[in-house]
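Here are my notes for a colleague who is opening this entry for the first time. Please read them with the structure in view.

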Amino acid sequence: MKLMRLSMYVLGALWLVPFIWVFLTSFQPRETIGSGLFQFTYTLDNYTSAWSGAPFLQYYLNTTIIVLGILSVQLFTATLAAYVFAKMEFKGKEILFVLFLVQLMVPNEALIVPNFQIISDFSLIDTKLAVMMPYFMTALGVFLLRQQFKSIPAELEEAARIDGCGPLRIITKIYLPLSVPTYVAFSLVSVSTHWNNFLWPLIVTNSEKNRPITVGLSLFSGSYETGAQFAVLTAATIIVVAPLLLAFLIFQRQFMNSFMQTGIK
Amino acid sequence: MKKRLRTKLHTWFFLLPSLVFLILFTFYPMIQTLIQSFTHTFRGETFFVGMENYLMLKDDKVFWKVMGNTVTFVLAVVPISMALALSMALFLNRKFIGSGIMRAVFFYPAIIPSVAIANIWLFVYTPNFGLLSQFLSLFGISSLNILGNTETVLWGTIVMAIWKEAGFYMIFYLAGLQNLSKEIYESTKLDGANSWQSFSRITFPLLMPTTLFVLILATTNAFKLVDHLVVMTGGGPNNASNLLLFYIYQTAFSYWNDSKAAVLTIIFLVILLSIAVFQLVVLERKIHYR
(Lines give C-alpha, C1' and ligand atoms only; values in the text may rest on other atoms or scores of the structure.)
Protein backbone atom coordinates (compact mmCIF):
# COMPACT_ATOMS: atom_id res chain seq x y z
CA MET A 1 0.00 0.00 0.00
CA LYS A 2 2.85 2.35 0.88
CA LEU A 3 4.59 1.35 -2.33
CA MET A 4 1.45 2.05 -4.33
CA ARG A 5 1.15 5.50 -2.79
CA LEU A 6 4.79 6.28 -3.46
CA SER A 7 4.54 5.19 -7.09
CA MET A 8 1.50 7.44 -7.54
CA TYR A 9 3.51 10.43 -6.36
CA VAL A 10 6.25 9.49 -8.82
CA LEU A 11 3.58 9.29 -11.52
CA GLY A 12 2.31 12.70 -10.48
CA ALA A 13 5.82 14.07 -10.85
CA LEU A 14 6.06 12.56 -14.33
CA TRP A 15 2.81 14.29 -15.22
CA LEU A 16 3.99 17.62 -13.93
CA VAL A 17 7.66 17.77 -14.90
CA PRO A 18 7.36 18.17 -18.71
CA PHE A 19 5.07 21.15 -18.35
CA ILE A 20 7.05 22.82 -15.54
CA TRP A 21 10.24 22.34 -17.50
CA VAL A 22 8.72 23.95 -20.60
CA PHE A 23 7.42 26.76 -18.42
CA LEU A 24 10.86 27.39 -16.89
CA THR A 25 12.63 27.11 -20.24
CA SER A 26 10.35 29.76 -21.68
CA PHE A 27 11.90 32.27 -19.24
CA GLN A 28 15.50 31.33 -19.95
CA PRO A 29 17.84 33.51 -22.01
CA ARG A 30 18.29 31.93 -25.43
CA GLU A 31 22.07 31.57 -25.08
CA THR A 32 21.84 29.38 -21.99
CA ILE A 33 19.44 26.80 -23.42
CA GLY A 34 20.85 23.31 -23.27
CA SER A 35 23.66 24.09 -20.89
CA GLY A 36 22.18 22.28 -17.93
CA LEU A 37 18.87 21.38 -16.36
CA PHE A 38 18.57 24.25 -13.93
CA GLN A 39 19.32 27.86 -14.50
CA PHE A 40 18.49 30.91 -12.54
CA THR A 41 18.64 33.76 -14.99
CA TYR A 42 15.25 34.77 -16.23
CA THR A 43 14.06 36.94 -19.07
CA LEU A 44 10.84 37.83 -20.86
CA ASP A 45 12.63 38.11 -24.23
CA ASN A 46 11.23 34.80 -25.48
CA TYR A 47 7.71 36.01 -24.88
CA THR A 48 8.23 39.28 -26.69
CA SER A 49 9.81 37.43 -29.63
CA ALA A 50 7.03 34.85 -29.75
CA TRP A 51 4.32 37.47 -29.44
CA SER A 52 5.75 39.51 -32.32
CA GLY A 53 6.58 36.40 -34.37
CA ALA A 54 2.97 35.43 -34.97
CA PRO A 55 -0.42 37.19 -34.67
CA PHE A 56 -1.47 35.29 -31.55
CA LEU A 57 -4.02 37.91 -30.59
CA GLN A 58 -5.75 37.48 -33.94
CA TYR A 59 -5.59 33.69 -33.55
CA TYR A 60 -7.14 33.94 -30.11
CA LEU A 61 -9.89 36.11 -31.49
CA ASN A 62 -10.52 33.63 -34.33
CA THR A 63 -10.69 30.70 -31.94
CA THR A 64 -13.06 32.60 -29.66
CA ILE A 65 -15.38 33.46 -32.55
CA ILE A 66 -15.29 29.89 -33.88
CA VAL A 67 -15.89 28.29 -30.49
CA LEU A 68 -18.75 30.60 -29.54
CA GLY A 69 -20.24 30.36 -33.01
CA ILE A 70 -20.30 26.58 -32.84
CA LEU A 71 -21.69 26.61 -29.31
CA SER A 72 -24.56 28.99 -30.00
CA VAL A 73 -25.77 27.10 -33.08
CA GLN A 74 -25.35 23.80 -31.23
CA LEU A 75 -27.44 25.02 -28.31
CA PHE A 76 -30.18 26.09 -30.70
CA THR A 77 -30.30 22.91 -32.82
CA ALA A 78 -29.80 20.53 -29.89
CA THR A 79 -32.48 22.16 -27.70
CA LEU A 80 -35.14 21.87 -30.38
CA ALA A 81 -34.27 18.31 -31.35
CA ALA A 82 -33.93 17.21 -27.72
CA TYR A 83 -37.39 18.59 -26.96
CA VAL A 84 -38.88 16.60 -29.83
CA PHE A 85 -37.15 13.38 -28.79
CA ALA A 86 -38.04 13.85 -25.14
CA LYS A 87 -41.65 14.99 -25.35
CA MET A 88 -43.24 14.32 -28.71
CA GLU A 89 -44.57 11.13 -30.24
CA PHE A 90 -44.47 10.59 -33.97
CA LYS A 91 -43.96 7.89 -36.54
CA GLY A 92 -40.34 6.99 -37.21
CA LYS A 93 -39.04 8.46 -33.97
CA GLU A 94 -36.94 5.39 -33.11
CA ILE A 95 -35.33 5.18 -36.53
CA LEU A 96 -34.53 8.85 -36.49
CA PHE A 97 -33.03 8.49 -33.04
CA VAL A 98 -30.72 5.73 -34.27
CA LEU A 99 -29.68 7.94 -37.18
CA PHE A 100 -28.73 10.60 -34.65
CA LEU A 101 -26.79 7.92 -32.76
CA VAL A 102 -24.65 7.32 -35.84
CA GLN A 103 -23.17 10.79 -35.55
CA LEU A 104 -21.93 9.87 -32.09
CA MET A 105 -20.13 6.86 -33.58
CA VAL A 106 -18.75 8.55 -36.67
CA PRO A 107 -16.82 11.60 -35.54
CA ASN A 108 -16.19 14.38 -38.01
CA GLU A 109 -12.51 13.48 -38.00
CA ALA A 110 -13.32 10.36 -39.98
CA LEU A 111 -15.01 12.41 -42.69
CA ILE A 112 -12.44 15.15 -43.26
CA VAL A 113 -11.93 14.20 -46.91
CA PRO A 114 -15.55 14.26 -48.16
CA ASN A 115 -16.41 17.18 -45.88
CA PHE A 116 -13.57 19.17 -47.39
CA GLN A 117 -15.17 18.51 -50.78
CA ILE A 118 -18.55 19.75 -49.52
CA ILE A 119 -17.04 22.88 -48.01
CA SER A 120 -15.23 23.66 -51.23
CA ASP A 121 -18.43 23.03 -53.24
CA PHE A 122 -19.98 25.76 -51.09
CA SER A 123 -16.89 27.95 -51.82
CA LEU A 124 -16.32 28.28 -48.10
CA ILE A 125 -12.65 27.30 -47.99
CA ASP A 126 -10.70 29.60 -45.72
CA THR A 127 -13.66 30.96 -43.78
CA LYS A 128 -14.54 30.64 -40.14
CA LEU A 129 -17.88 29.23 -41.18
CA ALA A 130 -16.06 26.30 -42.81
CA VAL A 131 -14.38 25.48 -39.51
CA MET A 132 -17.68 25.65 -37.65
CA MET A 133 -20.27 24.13 -39.96
CA PRO A 134 -19.65 20.38 -39.59
CA TYR A 135 -20.17 20.78 -35.84
CA PHE A 136 -23.47 22.64 -35.94
CA MET A 137 -25.37 19.44 -35.22
CA THR A 138 -24.34 17.66 -32.05
CA ALA A 139 -25.71 14.24 -31.20
CA LEU A 140 -24.03 14.49 -27.80
CA GLY A 141 -25.92 17.69 -27.02
CA VAL A 142 -29.20 16.22 -28.22
CA PHE A 143 -28.78 13.15 -26.00
CA LEU A 144 -27.74 15.06 -22.90
CA LEU A 145 -30.58 17.55 -23.17
CA ARG A 146 -33.11 14.85 -24.04
CA GLN A 147 -32.19 12.96 -20.85
CA GLN A 148 -32.57 16.17 -18.88
CA PHE A 149 -35.88 17.23 -20.50
CA LYS A 150 -37.33 13.77 -19.87
CA SER A 151 -36.83 14.25 -16.15
CA ILE A 152 -38.98 17.39 -16.12
CA PRO A 153 -42.57 16.50 -15.16
CA ALA A 154 -45.19 16.85 -17.90
CA GLU A 155 -47.59 18.67 -15.54
CA LEU A 156 -45.50 21.82 -15.76
CA GLU A 157 -45.87 21.82 -19.50
CA GLU A 158 -49.62 21.09 -19.32
CA ALA A 159 -50.16 24.07 -17.07
CA ALA A 160 -48.27 26.36 -19.43
CA ARG A 161 -50.17 24.97 -22.41
CA ILE A 162 -53.50 25.71 -20.74
CA ASP A 163 -52.27 29.26 -20.28
CA GLY A 164 -51.90 29.37 -24.05
CA CYS A 165 -48.14 28.95 -24.42
CA GLY A 166 -46.79 27.48 -27.67
CA PRO A 167 -43.92 24.96 -27.67
CA LEU A 168 -41.22 27.58 -28.21
CA ARG A 169 -42.41 29.53 -25.20
CA ILE A 170 -42.70 26.35 -23.19
CA ILE A 171 -39.07 25.53 -23.99
CA THR A 172 -37.76 28.97 -23.07
CA LYS A 173 -39.96 29.43 -19.98
CA ILE A 174 -39.86 25.93 -18.51
CA TYR A 175 -37.21 23.66 -19.99
CA LEU A 176 -34.34 26.13 -20.30
CA PRO A 177 -34.39 27.47 -16.73
CA LEU A 178 -34.72 23.98 -15.26
CA SER A 179 -31.81 22.60 -17.27
CA VAL A 180 -29.08 25.14 -16.58
CA PRO A 181 -26.58 22.63 -15.10
CA THR A 182 -26.86 20.40 -18.18
CA TYR A 183 -26.38 23.40 -20.46
CA VAL A 184 -23.32 24.46 -18.49
CA ALA A 185 -21.81 20.98 -18.62
CA PHE A 186 -22.41 20.61 -22.33
CA SER A 187 -21.08 24.10 -23.06
CA LEU A 188 -17.86 23.49 -21.17
CA VAL A 189 -17.24 20.25 -23.02
CA SER A 190 -18.12 21.77 -26.39
CA VAL A 191 -15.93 24.82 -25.85
CA SER A 192 -12.88 22.86 -24.72
CA THR A 193 -13.30 20.30 -27.51
CA HIS A 194 -13.46 22.93 -30.23
CA TRP A 195 -10.85 25.16 -28.66
CA ASN A 196 -8.47 22.20 -29.05
CA ASN A 197 -9.64 21.11 -32.48
CA PHE A 198 -6.80 21.02 -34.98
CA LEU A 199 -6.91 18.75 -38.01
CA TRP A 200 -10.13 20.07 -39.57
CA PRO A 201 -9.26 23.77 -39.21
CA LEU A 202 -5.77 22.98 -40.52
CA ILE A 203 -7.37 21.66 -43.70
CA VAL A 204 -9.97 24.36 -44.32
CA THR A 205 -8.14 27.54 -43.33
CA ASN A 206 -5.13 29.18 -44.91
CA SER A 207 -5.00 32.76 -43.73
CA GLU A 208 -4.27 34.64 -40.53
CA LYS A 209 -7.78 36.02 -40.62
CA ASN A 210 -9.42 32.64 -40.06
CA ARG A 211 -6.84 30.37 -38.51
CA PRO A 212 -7.55 29.22 -34.94
CA ILE A 213 -4.86 29.29 -32.29
CA THR A 214 -4.01 25.57 -32.56
CA VAL A 215 -3.21 25.85 -36.28
CA GLY A 216 -1.37 29.10 -35.62
CA LEU A 217 0.82 27.39 -33.04
CA SER A 218 1.63 24.47 -35.32
CA LEU A 219 2.68 26.82 -38.12
CA PHE A 220 4.79 28.76 -35.67
CA SER A 221 6.42 25.50 -34.54
CA GLY A 222 7.05 24.54 -38.15
CA SER A 223 8.99 27.72 -38.80
CA TYR A 224 11.25 27.20 -35.78
CA GLU A 225 13.37 24.10 -35.90
CA THR A 226 16.79 24.90 -34.55
CA GLY A 227 17.88 24.91 -30.95
CA ALA A 228 18.45 28.65 -30.73
CA GLN A 229 14.76 29.29 -31.24
CA PHE A 230 13.77 26.53 -28.88
CA ALA A 231 13.08 29.01 -26.10
CA VAL A 232 10.82 31.15 -28.27
CA LEU A 233 8.79 28.11 -29.14
CA THR A 234 8.35 27.16 -25.48
CA ALA A 235 7.11 30.69 -24.85
CA ALA A 236 4.63 30.40 -27.72
CA THR A 237 3.38 27.10 -26.31
CA ILE A 238 2.84 28.68 -22.92
CA ILE A 239 1.03 31.62 -24.51
CA VAL A 240 -1.38 29.20 -26.17
CA VAL A 241 -1.88 26.96 -23.15
CA ALA A 242 -2.12 29.59 -20.42
CA PRO A 243 -5.74 30.78 -20.76
CA LEU A 244 -7.21 27.27 -20.81
CA LEU A 245 -5.01 26.20 -17.95
CA LEU A 246 -6.01 29.23 -15.88
CA ALA A 247 -9.68 28.60 -16.59
CA PHE A 248 -9.18 24.99 -15.56
CA LEU A 249 -7.44 25.91 -12.30
CA ILE A 250 -10.24 28.29 -11.38
CA PHE A 251 -13.19 26.06 -12.38
CA GLN A 252 -11.49 22.73 -11.75
CA ARG A 253 -14.42 20.94 -10.18
CA GLN A 254 -16.88 22.23 -12.76
CA PHE A 255 -14.60 21.07 -15.58
CA MET A 256 -14.21 17.54 -14.28
CA ASN A 257 -17.87 17.19 -13.36
CA SER A 258 -18.90 18.36 -16.82
CA PHE A 259 -16.70 15.81 -18.53
CA MET A 260 -17.94 13.12 -16.20
CA GLN A 261 -21.57 14.02 -16.82
CA THR A 262 -21.27 14.16 -20.58
CA GLY A 263 -19.30 10.95 -20.63
CA ILE A 264 -21.62 8.90 -18.51
CA LYS A 265 -24.90 10.06 -20.00
CA MET B 1 -57.45 17.99 -36.22
CA LYS B 2 -55.92 21.38 -36.77
CA LYS B 3 -54.05 21.07 -33.52
CA ARG B 4 -52.63 17.73 -34.52
CA LEU B 5 -51.33 19.11 -37.78
CA ARG B 6 -49.73 21.93 -35.87
CA THR B 7 -47.94 19.52 -33.51
CA LYS B 8 -46.72 17.55 -36.49
CA LEU B 9 -45.42 20.71 -38.10
CA HIS B 10 -43.67 21.67 -34.88
CA THR B 11 -42.04 18.26 -34.66
CA TRP B 12 -40.44 18.46 -38.07
CA PHE B 13 -39.75 22.15 -37.84
CA PHE B 14 -37.80 21.53 -34.61
CA LEU B 15 -35.90 18.58 -36.03
CA LEU B 16 -35.06 20.28 -39.28
CA PRO B 17 -31.98 22.30 -38.22
CA SER B 18 -30.28 19.22 -36.73
CA LEU B 19 -31.35 17.01 -39.61
CA VAL B 20 -29.96 19.33 -42.27
CA PHE B 21 -26.49 19.29 -40.73
CA LEU B 22 -26.68 15.59 -39.87
CA ILE B 23 -27.39 14.71 -43.48
CA LEU B 24 -25.00 17.25 -44.96
CA PHE B 25 -21.93 16.45 -42.86
CA THR B 26 -22.46 12.84 -41.76
CA PHE B 27 -24.71 10.81 -44.05
CA TYR B 28 -24.14 12.45 -47.41
CA PRO B 29 -20.33 12.33 -47.04
CA MET B 30 -20.47 8.69 -45.92
CA ILE B 31 -22.46 7.66 -48.99
CA GLN B 32 -20.40 9.91 -51.24
CA THR B 33 -17.20 8.29 -49.97
CA LEU B 34 -18.56 4.80 -50.41
CA ILE B 35 -19.41 5.54 -54.05
CA GLN B 36 -16.09 7.23 -54.65
CA SER B 37 -14.21 4.24 -53.26
CA PHE B 38 -15.48 2.21 -56.26
CA THR B 39 -14.54 4.77 -58.89
CA HIS B 40 -11.47 6.23 -60.46
CA THR B 41 -11.19 9.71 -61.92
CA PHE B 42 -8.85 10.30 -64.82
CA ARG B 43 -8.65 13.60 -66.72
CA GLY B 44 -11.97 14.75 -65.35
CA GLU B 45 -13.78 11.56 -66.29
CA THR B 46 -15.01 9.17 -63.64
CA PHE B 47 -15.05 5.43 -64.19
CA PHE B 48 -16.59 2.68 -62.12
CA VAL B 49 -13.78 0.28 -61.23
CA GLY B 50 -15.42 -2.12 -58.81
CA MET B 51 -13.15 -3.38 -56.06
CA GLU B 52 -9.96 -2.29 -57.79
CA ASN B 53 -9.14 0.52 -55.35
CA TYR B 54 -9.51 -1.90 -52.47
CA LEU B 55 -7.46 -4.62 -54.12
CA MET B 56 -4.64 -2.18 -54.82
CA LEU B 57 -4.06 -1.84 -51.09
CA LYS B 58 -3.14 -5.51 -50.90
CA ASP B 59 0.38 -4.88 -52.18
CA ASP B 60 0.69 -1.39 -50.70
CA LYS B 61 3.58 -1.69 -48.23
CA VAL B 62 3.00 1.75 -46.73
CA PHE B 63 -0.65 0.95 -46.09
CA TRP B 64 0.20 -2.21 -44.16
CA LYS B 65 2.93 -0.38 -42.29
CA VAL B 66 0.40 2.28 -41.27
CA MET B 67 -2.20 -0.30 -40.25
CA GLY B 68 0.41 -2.14 -38.19
CA ASN B 69 1.42 1.11 -36.47
CA THR B 70 -2.22 1.97 -35.80
CA VAL B 71 -2.90 -1.41 -34.20
CA THR B 72 0.26 -1.15 -32.07
CA PHE B 73 -0.62 2.40 -31.08
CA VAL B 74 -4.20 1.54 -30.06
CA LEU B 75 -3.26 -1.72 -28.32
CA ALA B 76 -0.57 0.06 -26.31
CA VAL B 77 -2.30 3.35 -25.52
CA VAL B 78 -5.71 1.98 -24.54
CA PRO B 79 -4.81 -0.67 -21.92
CA ILE B 80 -1.90 1.25 -20.41
CA SER B 81 -3.79 4.51 -20.06
CA MET B 82 -6.79 2.65 -18.65
CA ALA B 83 -4.66 0.80 -16.09
CA LEU B 84 -3.03 4.07 -15.06
CA ALA B 85 -6.42 5.77 -14.93
CA LEU B 86 -7.75 3.09 -12.61
CA SER B 87 -4.70 3.30 -10.34
CA MET B 88 -5.00 7.07 -10.20
CA ALA B 89 -8.69 6.80 -9.30
CA LEU B 90 -8.09 4.18 -6.59
CA PHE B 91 -5.34 6.37 -5.17
CA LEU B 92 -7.48 9.51 -5.18
CA ASN B 93 -10.76 7.93 -4.14
CA ARG B 94 -10.04 8.73 -0.51
CA LYS B 95 -9.65 12.37 0.43
CA PHE B 96 -6.27 13.43 1.82
CA ILE B 97 -4.27 16.61 1.96
CA GLY B 98 -3.26 17.37 -1.59
CA SER B 99 -5.67 14.91 -3.23
CA GLY B 100 -7.38 17.77 -5.06
CA ILE B 101 -4.04 18.95 -6.40
CA MET B 102 -3.04 15.45 -7.48
CA ARG B 103 -6.34 15.08 -9.30
CA ALA B 104 -5.69 18.31 -11.20
CA VAL B 105 -2.12 17.21 -11.94
CA PHE B 106 -3.34 14.02 -13.58
CA PHE B 107 -6.22 15.68 -15.40
CA TYR B 108 -4.73 18.87 -16.86
CA PRO B 109 -3.26 17.31 -20.04
CA ALA B 110 -6.84 16.52 -21.07
CA ILE B 111 -7.72 20.18 -21.51
CA ILE B 112 -4.54 21.32 -23.26
CA PRO B 113 -4.67 21.38 -27.09
CA SER B 114 -3.01 18.32 -28.56
CA VAL B 115 -0.78 20.56 -30.67
CA ALA B 116 0.60 22.16 -27.52
CA ILE B 117 1.09 18.71 -25.98
CA ALA B 118 2.98 17.65 -29.09
CA ASN B 119 5.19 20.72 -28.66
CA ILE B 120 5.83 19.93 -25.01
CA TRP B 121 6.89 16.37 -25.89
CA LEU B 122 8.93 17.63 -28.80
CA PHE B 123 10.90 19.59 -26.21
CA VAL B 124 11.19 16.50 -24.06
CA TYR B 125 12.51 14.35 -26.89
CA THR B 126 14.73 16.85 -28.74
CA PRO B 127 18.32 15.59 -28.86
CA ASN B 128 20.85 17.63 -26.82
CA PHE B 129 18.50 20.41 -25.68
CA GLY B 130 15.60 18.20 -24.70
CA LEU B 131 14.57 17.31 -21.17
CA LEU B 132 15.18 13.60 -21.67
CA SER B 133 18.61 14.12 -23.22
CA GLN B 134 19.67 16.46 -20.46
CA PHE B 135 18.37 14.10 -17.82
CA LEU B 136 20.15 11.10 -19.32
CA SER B 137 23.37 13.04 -19.76
CA LEU B 138 23.50 13.29 -15.96
CA PHE B 139 24.11 9.55 -16.04
CA GLY B 140 26.60 9.81 -18.84
CA ILE B 141 24.23 8.44 -21.46
CA SER B 142 24.90 10.30 -24.65
CA SER B 143 22.23 11.89 -26.75
CA LEU B 144 19.54 9.68 -28.21
CA ASN B 145 17.12 10.78 -30.90
CA ILE B 146 13.82 9.14 -30.10
CA LEU B 147 11.79 10.87 -32.79
CA GLY B 148 14.48 10.42 -35.44
CA ASN B 149 14.77 6.68 -35.08
CA THR B 150 12.35 4.28 -36.80
CA GLU B 151 12.67 1.84 -33.89
CA THR B 152 11.64 4.27 -31.18
CA VAL B 153 9.51 6.98 -32.76
CA LEU B 154 6.15 5.18 -32.46
CA TRP B 155 6.80 4.42 -28.79
CA GLY B 156 7.72 8.04 -28.22
CA THR B 157 4.29 9.06 -29.47
CA ILE B 158 2.61 6.26 -27.50
CA VAL B 159 4.11 7.58 -24.25
CA MET B 160 2.87 11.05 -25.12
CA ALA B 161 -0.63 9.77 -25.87
CA ILE B 162 -0.81 7.89 -22.57
CA TRP B 163 0.31 11.02 -20.73
CA LYS B 164 -2.43 12.99 -22.46
CA GLU B 165 -5.28 10.49 -22.01
CA ALA B 166 -4.88 8.68 -18.66
CA GLY B 167 -6.07 11.53 -16.44
CA PHE B 168 -9.14 11.99 -18.59
CA TYR B 169 -10.23 8.38 -18.08
CA MET B 170 -9.40 8.69 -14.39
CA ILE B 171 -12.45 10.89 -13.80
CA PHE B 172 -14.80 8.18 -15.10
CA TYR B 173 -13.25 5.66 -12.73
CA LEU B 174 -13.56 8.16 -9.90
CA ALA B 175 -17.26 8.49 -10.68
CA GLY B 176 -17.59 4.71 -10.87
CA LEU B 177 -15.87 4.24 -7.51
CA GLN B 178 -18.12 6.79 -5.87
CA ASN B 179 -21.14 4.75 -6.90
CA LEU B 180 -19.92 1.64 -5.12
CA SER B 181 -21.42 1.14 -1.71
CA LYS B 182 -19.22 1.39 1.34
CA GLU B 183 -20.99 -1.46 3.11
CA ILE B 184 -19.60 -4.14 0.83
CA TYR B 185 -16.09 -3.14 1.78
CA GLU B 186 -16.83 -3.12 5.46
CA SER B 187 -18.26 -6.62 5.33
CA THR B 188 -15.21 -7.92 3.43
CA LYS B 189 -12.92 -6.27 5.95
CA LEU B 190 -14.67 -8.23 8.66
CA ASP B 191 -14.09 -11.35 6.62
CA GLY B 192 -10.39 -10.54 6.72
CA ALA B 193 -9.82 -9.88 3.02
CA ASN B 194 -6.69 -7.90 2.24
CA SER B 195 -6.73 -4.89 -0.03
CA TRP B 196 -5.65 -6.80 -3.13
CA GLN B 197 -8.38 -9.38 -2.56
CA SER B 198 -11.04 -6.78 -2.04
CA PHE B 199 -9.89 -5.04 -5.21
CA SER B 200 -9.75 -8.10 -7.43
CA ARG B 201 -12.90 -9.76 -6.08
CA ILE B 202 -15.14 -6.78 -5.45
CA THR B 203 -14.01 -3.43 -6.77
CA PHE B 204 -12.84 -4.51 -10.20
CA PRO B 205 -15.86 -6.70 -11.06
CA LEU B 206 -18.25 -4.01 -9.85
CA LEU B 207 -16.43 -1.44 -11.97
CA MET B 208 -16.98 -3.52 -15.10
CA PRO B 209 -19.61 -1.20 -16.62
CA THR B 210 -17.22 1.75 -16.15
CA THR B 211 -14.35 -0.23 -17.63
CA LEU B 212 -16.37 -1.14 -20.70
CA PHE B 213 -17.51 2.43 -21.15
CA VAL B 214 -13.96 3.77 -20.84
CA LEU B 215 -12.71 1.01 -23.16
CA ILE B 216 -15.04 2.18 -25.94
CA LEU B 217 -14.22 5.83 -25.34
CA ALA B 218 -10.48 5.20 -25.18
CA THR B 219 -10.41 3.01 -28.28
CA THR B 220 -12.37 5.51 -30.37
CA ASN B 221 -10.17 8.33 -29.11
CA ALA B 222 -6.96 6.41 -29.82
CA PHE B 223 -7.92 6.08 -33.49
CA LYS B 224 -8.46 9.83 -33.65
CA LEU B 225 -5.16 10.85 -32.03
CA VAL B 226 -3.03 12.11 -34.90
CA ASP B 227 -2.60 15.85 -34.32
CA HIS B 228 0.84 15.26 -32.82
CA LEU B 229 2.09 13.77 -36.09
CA VAL B 230 1.70 17.10 -37.87
CA VAL B 231 3.93 18.79 -35.31
CA MET B 232 6.34 16.08 -34.23
CA THR B 233 7.18 13.69 -37.04
CA GLY B 234 5.00 14.18 -40.12
CA GLY B 235 4.37 10.43 -39.84
CA GLY B 236 8.07 9.68 -40.30
CA PRO B 237 10.82 8.78 -40.34
CA ASN B 238 9.94 6.44 -43.17
CA ASN B 239 6.31 6.18 -41.99
CA ALA B 240 7.45 4.61 -38.72
CA SER B 241 5.04 6.77 -36.67
CA ASN B 242 2.29 7.15 -39.27
CA LEU B 243 -1.31 6.33 -38.24
CA LEU B 244 -4.46 5.65 -40.26
CA LEU B 245 -6.18 9.02 -39.88
CA PHE B 246 -2.99 10.93 -40.65
CA TYR B 247 -2.41 8.66 -43.65
CA ILE B 248 -5.90 9.55 -44.88
CA TYR B 249 -5.02 13.21 -44.47
CA GLN B 250 -1.76 12.78 -46.39
CA THR B 251 -3.35 10.72 -49.15
CA ALA B 252 -6.05 13.30 -49.71
CA PHE B 253 -4.23 16.58 -49.16
CA SER B 254 -0.58 15.85 -49.96
CA TYR B 255 -0.84 13.19 -52.70
CA TRP B 256 -4.33 14.23 -53.89
CA ASN B 257 -5.30 10.60 -54.46
CA ASP B 258 -9.05 10.83 -53.93
CA SER B 259 -9.97 7.23 -54.68
CA LYS B 260 -7.40 5.87 -52.28
CA ALA B 261 -8.40 8.40 -49.63
CA ALA B 262 -12.01 7.25 -50.06
CA VAL B 263 -11.05 3.60 -49.57
CA LEU B 264 -9.02 4.47 -46.47
CA THR B 265 -11.92 6.52 -45.12
CA ILE B 266 -14.26 3.55 -45.61
CA ILE B 267 -11.82 1.32 -43.72
CA PHE B 268 -11.74 3.88 -40.91
CA LEU B 269 -15.54 4.05 -40.85
CA VAL B 270 -15.81 0.26 -40.73
CA ILE B 271 -13.47 0.20 -37.73
CA LEU B 272 -15.46 2.91 -35.92
CA LEU B 273 -18.80 1.31 -36.68
CA SER B 274 -17.53 -2.09 -35.49
CA ILE B 275 -16.62 -0.49 -32.18
CA ALA B 276 -20.13 0.96 -32.08
CA VAL B 277 -21.73 -2.42 -32.77
CA PHE B 278 -19.53 -4.02 -30.11
CA GLN B 279 -20.72 -1.33 -27.73
CA LEU B 280 -24.38 -1.95 -28.55
CA VAL B 281 -24.09 -5.71 -28.19
CA VAL B 282 -21.75 -6.04 -25.20
CA LEU B 283 -22.15 -2.82 -23.29
CA GLU B 284 -25.94 -2.76 -23.32
CA ARG B 285 -26.09 -6.31 -22.05
CA LYS B 286 -23.68 -5.56 -19.23
CA ILE B 287 -25.69 -2.57 -18.13
CA HIS B 288 -28.85 -4.65 -17.92
CA TYR B 289 -26.86 -7.19 -16.01
CA ARG B 290 -26.04 -4.57 -13.46
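The points below go from the ground rules to the chain interface, and then to each chain.

1. Ground rules. This is a predicted model, in which local features need pLDDT of at least 70 and side-chain atom pairs count only at pLDDT 80 or more, while totals for chains, interfaces and linings use all residues. Residues are numbered from 1 along each chain as its sequence is written, chains are lettered from A and ligands numbered from 1 in the order in which they are written, and side-chain values use heavy atoms, with hydrogens and water left out.

2. The chain interface. How many residues does each chain bring to the contact? Chain A gives 83 residues and chain B gives 81. Contact here means heavy atoms within 4.5 Å. About 7600 Å² is buried between the two chains, and carbon and sulfur atoms give 83% of that area. Buried area is the accessible area (1.4 Å probe) that two parts lose on being put together, summed over both.

3. Polar links between the chains. Zero salt bridges are found across the interface of chain B and chain A. The rule asks for a side-chain nitrogen of Lys or Arg within 4 Å of a carboxyl oxygen of Asp or Glu. Nine residue pairs are in polar contact between the chains, both residues at pLDDT 80 or more. A polar contact is a pair of N or O atoms within 3.5 Å; within protein, one must be able to donate a hydrogen and the other to accept it, and residues adjacent in sequence count only if both atoms are side-chain atoms.

4. The chain B side. Helix α1 (residues 2–36) of chain B supplies the largest share of the side that touches chain A, with 19 residues. Helices are DSSP runs (H or I, at least four residues), and strands are runs of E of at least two, numbered from the N terminus. By class, this side of chain B has 61 nonpolar, 16 polar and four charged residues. Ala, Val, Leu, Ile, Met, Phe, Trp, Tyr, Cys and Pro count as nonpolar, Asp, Glu, Lys and Arg as charged, and the others, Gly among them, as polar.

5. Domains of chain A. An automatic or database assignment sets the bounds: domain 1 is 4–11 + 15–43, and domain 2 is 56–264. Their C-alpha centres lie 34 Å apart. About 740 Å² is buried between these domains. A:Phe19, A:Ser26 and A:Arg30 supply 50% of the area that domain 1 buries there, more than any other three residues.

6. Annotated segments. The unreviewed UniProt entry marks "transmembrane region" stretches in chain A, including residues 58–83 and 129–145. Such annotations may be inferred rather than shown by experiment. Residues 58–83 of chain A are 100% helix. Residues 129–145 of chain A are 65% helix.
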